[in-house]
Amino acid sequence: MSNETGGLSSGGNRGARVGRHVRRASVGLLAAMMVAALGHLLSFLIAAGSSPVAAVADAIVAQAPSAMREFAISTFGTADKPALVVGIIGAITVLAVAAGVAERVARPWGSLLLGVLALAGVVAAVSRPTATWAWAIPSIVGGAAGIAVLRFGIRLTDARSPVPKGGDPSGPSRRTFLAFVGGVAGLTVAIGGLGVGLARKASDLAAERLRIALPSVAAKLQAPRPGPEVEAPVSDGTAFITPNEDFYRIDTALQLPAISVEEWSLRIHGMVDREIELSWQDLNDRMAMERIITLTCVSNEIGGSLAGNATWTGFPIRDLLDEVGVRPGADMLLSTSADGWTSGTPIAALTDGRDAMLAVGMNGEPLPIEHGYPVRQVVPGLYGYVSATKWVVDWEITRFDQASAYWTDRGWGEKGPIKTASRIDRPAPLAELTAGVNVIAGTAWAQHRGISKVEVRVDQGPWREAQTAAAYSVDTWQMWSWEWDATPGIHTVVVRATDNDGELQTERRQGTVPDGATGWHSRTFRVVG
Ligand SMILES: Nc1nc2c(c(=O)[nH]1)N[C@H]1C(S)=C(S)[C@@H](COP(=O)(O)O)O[C@H]1N2
Ligand SMILES: [Mo]
């Protein structure tokens with residue numbers, strides 16, 4: 001306790017009132033900074049567009065009447081963006097001060113104001129074109145944290161009741177308040193700094209990805225260009241090659257691993273004769289290959305979209321295994337990603353001559369970050385969870401009876417060969433068709449065995465053989481189509497495929513757990529006369 005005495009003059013009273021307003025305003029500012037900083041940080045976990053301040057700012061720009069835009073451009077010229085940022089910071093400051101000044105322990109007007117602002121963030125984020133409901137999370141969590149800061153800070157401010165006679169004006173509540181302000185400000189700056197750091201890292205990585213070149217592939221190791229004969233005969237059918245932006249994405253990464261090529265390395269160890277660690281350059285010094293391979297997720301439901309076909313550029317896994325020398329008895333490659341995800345792949349599937357690769361390119365570009373930049377695995381014929389490790393950094397050669405991996409630890413099958421599947425892609429489900437000839441089209445896959453036949457049936461009628469587009473290879477899906485002379489009524493079309501071993505796709509319905517769904521895909525259409 002200090003020895004100051006605290007006689008209160010009327011001037012001191014006014015001073016106390018002003019002081020209280022300043023404290024309220026600073027609590028309001030802190031609360032708003034918390035909403036912005038935490039909301040922005042969380043947007044790195046959800047999606048770049050879900051940051052509340054950015055979403056609201058973009059919504060304002062998009063909604064602004066053109067007269068206002070013209071005014072901004074003619075007044076500020078090319079400085080219109082910095083002017084917008086300054087304007088937004090100014091508006092947030094005014095609203096934040098207002099929220100702090102208006103907030104009372106018993107009448108939470110300021111909290112209400114912050115709640116409305118957070119709601120604006122939610123609306124702006126979820127109404128972006130590619131948004132999902134998850135995009136509301138940064139605004140909701142940021143808003144809740146901001147309101148907590150406001151409520152708590154105002155309680156501390158209001159707790160500073162008039163100083164009792166002979167009491168100490170710089171007593172414990174002021175110190176508590178200052179500690180609170182300092183603590184929250186420090187936390188907010190740390191959160192904001194982390195957000196800025198992540199943003200810088202992400203944009204550096206995006207720039208690096210645009211800069212790096214794919215390894216050149218010798219002519220005899222290039223993938224033959226697929227001609228029109230591999231495509232479905234209808235323009236709205238599924239394309240043989242899936243563009244990167246349409247390629248399904250499945251992983252456990254809340255935040256995408258950000259690994260630059262300088263940071264990347266692959267350590268190969270365990271049951272090997274020679275442990276090695278490959279740098280990006282070491283890898284790229286090896287002989288590159290290119291292959292078209294269809295990936296599929298074990299979680300794909302009957303008729304689902306978790307399959308995609310791409311041209312991969314990379315390096316044969318078998319050559320690397322030969323280099324390190326796999327010891328007898330080893331039967332599993334346990335691969336680990338930069339974020340600690342693991343997958344156990346049978347060594348047999350990596351050395352039996354199929355085109356298992358460490359891929360660095362996808363459809364002629366470096367791997368997109370979300371598809372494993374800078375290096376991932378691609379193994380024909382196996383579901384992704386046992387083979388397709390993205391952001392791969394570690395290989396341990398081991399045994400299935402000694403090691404297990406992420407999804408096998410959670411009840412999924414140890415080995416994951418892809419099951420034969422066929423899918424109707426057009427017309428759309430429940431489409432209304434006109435009687436007469438309609439083209440039904442889709443795709444079928446049985447990676448590393450290949451498709452020999454696709455059959456279609458309407459209602460309980462006879463099975464008819466569909467037309468199959470040219471097979472590109474046993475490791476890629478195959479497009480099919482069937483001309484249906486449809487009669488009026490409601491009809492169900494069913495598809496089934498047979499693989500090159502002569503094995504018919506099973507009709508028995510099974511869910512995705514533990515080793516992939518089975519059953520025939522069907523679609524029902526209304527045909528009008
Ligand atoms: N690091 C990492 N790699 C991973 C996964 C993952 O969760 N983490 N998921 C796997 C699964 S289940 C599948 S189906 C494929 C999907 O690859 P894609 O997202 O490029 O389509 O990646 C595999 N590789
Ligand atoms: Mo998967």
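# Exercises on a predicted model

**Exercise 1. Compare the expected and actual span of helix α2, and state which of its residues are buried.**

Solution. Start with the length: α2 has twelve residues, and at 1.5 Å a residue these should span 16 Å. The rule multiplies 1.5 Å by one less than the number of residues in the helix. Next, take the end C-alpha atoms, which are 16 Å apart, so the two values agree. Helices here are DSSP runs of H or I with at least four residues, strands are runs of E with at least two, and both are numbered from the N terminus. Last, the burial: Pro52, Ala55 and Ala57 are buried in α2. Buried means under 20% relative accessible area, exposed means over 50%, and partly exposed lies in between, with a 1.4 Å probe and protein chains only.

The model is predicted: local features need pLDDT of at least 70, side-chain atom pairs count only at pLDDT 80 or more, and totals for chains, interfaces and linings use all residues. Residues are numbered from 1 along each chain as its sequence is written, chains are lettered from A and ligands numbered from 1 in the order in which they are written, and side-chain values use heavy atoms, with hydrogens and water left out.

**Exercise 2. Repeat the check for helix α5 (residues 109-126), then look up the UniProt feature for residues 109-127.**

Solution. For its 18 residues, at 1.5 Å a residue, α5 should span 26 Å. Its end C-alpha atoms are 26 Å apart, which agrees. The buried residues of α5 are Gly110, Ser111, Leu114, Ala118, Gly121, Val122, Ala124 and Ala125. An α-helix has 3.6 residues a turn, so residues three or four places apart point the same way.

Now turn to the record. An unreviewed UniProt entry places the feature "transmembrane region" at several spans, including 109-127 and 133-154. UniProt positions are in the numbering used here, feature names are shortened, and annotations may be inferred rather than shown by experiment. Residues 109-127 are 95% helix and 0% strand, with end C-alpha atoms 27 Å apart. Residues 133-154 are 82% helix and 0% strand, and their end C-alpha atoms lie 32 Å apart.

**Exercise 3. Describe the largest pocket and state which domains line it.**

Solution. First, the volume is about 1,100 Å³. On a 1 Å grid over the protein atoms alone, a pocket is an open set of points with protein on both sides within 12 Å along at least five of seven lines, a cavity is a set where a 1.4 Å probe fits but cannot get out, and lining residues have an atom within 4 Å of a point. Grid points are joined across faces, edges and corners, and a volume is the space filled by probe spheres set on the points.

Second, 32 residues line this pocket, and Ile46, Ala47, Ala48, Arg249 and Leu256 are the closest to its centre. Third, α7 gives the most to the lining, with seven residues. Fourth, the lining divides into 20 nonpolar, six polar and six charged residues. Here Ala, Val, Leu, Ile, Met, Phe, Trp, Tyr, Cys and Pro count as nonpolar, Asp, Glu, Lys and Arg as charged, and the others, Gly among them, as polar.

Finally, domain 1 (12-198) and domain 2 (219-410) each give at least three residues to the lining. Domain bounds come from an automatic or database domain assignment. The centres of these two domains, taken over C-alpha atoms, are 44 Å apart.

**Exercise 4. How many cavities of 30 Å³ or more does a search of the whole structure find, and what lines the largest cavity?**

Solution. The search finds one cavity of 30 Å³ or more. The largest cavity has a volume of about 160 Å³. Of its 22 lining residues, Asn300, Glu301, Ala421, Trp445 and Ala517 lie nearest the centre. Strand β11 (residues 421-426) supplies the largest share, three residues. The lining comprises eight nonpolar, eleven polar and three charged residues. At least three come from each of domain 2 (219-410) and domain 3 (421-528).

**Exercise 5. Which peptide bond leading to Pro427 is cis, and what is the sign of phi at Asn363?**

Solution. Begin with the usual case: most residues other than glycine have a negative phi, and most peptide bonds are trans. The bond from Arg426 to Pro427 is cis, with omega near -5°. Pro427 lies in the loop between β11 and β12 (432-434). Phi of Asn363 is positive, about 50°, although Asn363 is not a glycine. Asn363 is in the loop between β7 (357-362) and β8 (365-366), and at 23% relative accessibility it counts as partly exposed.
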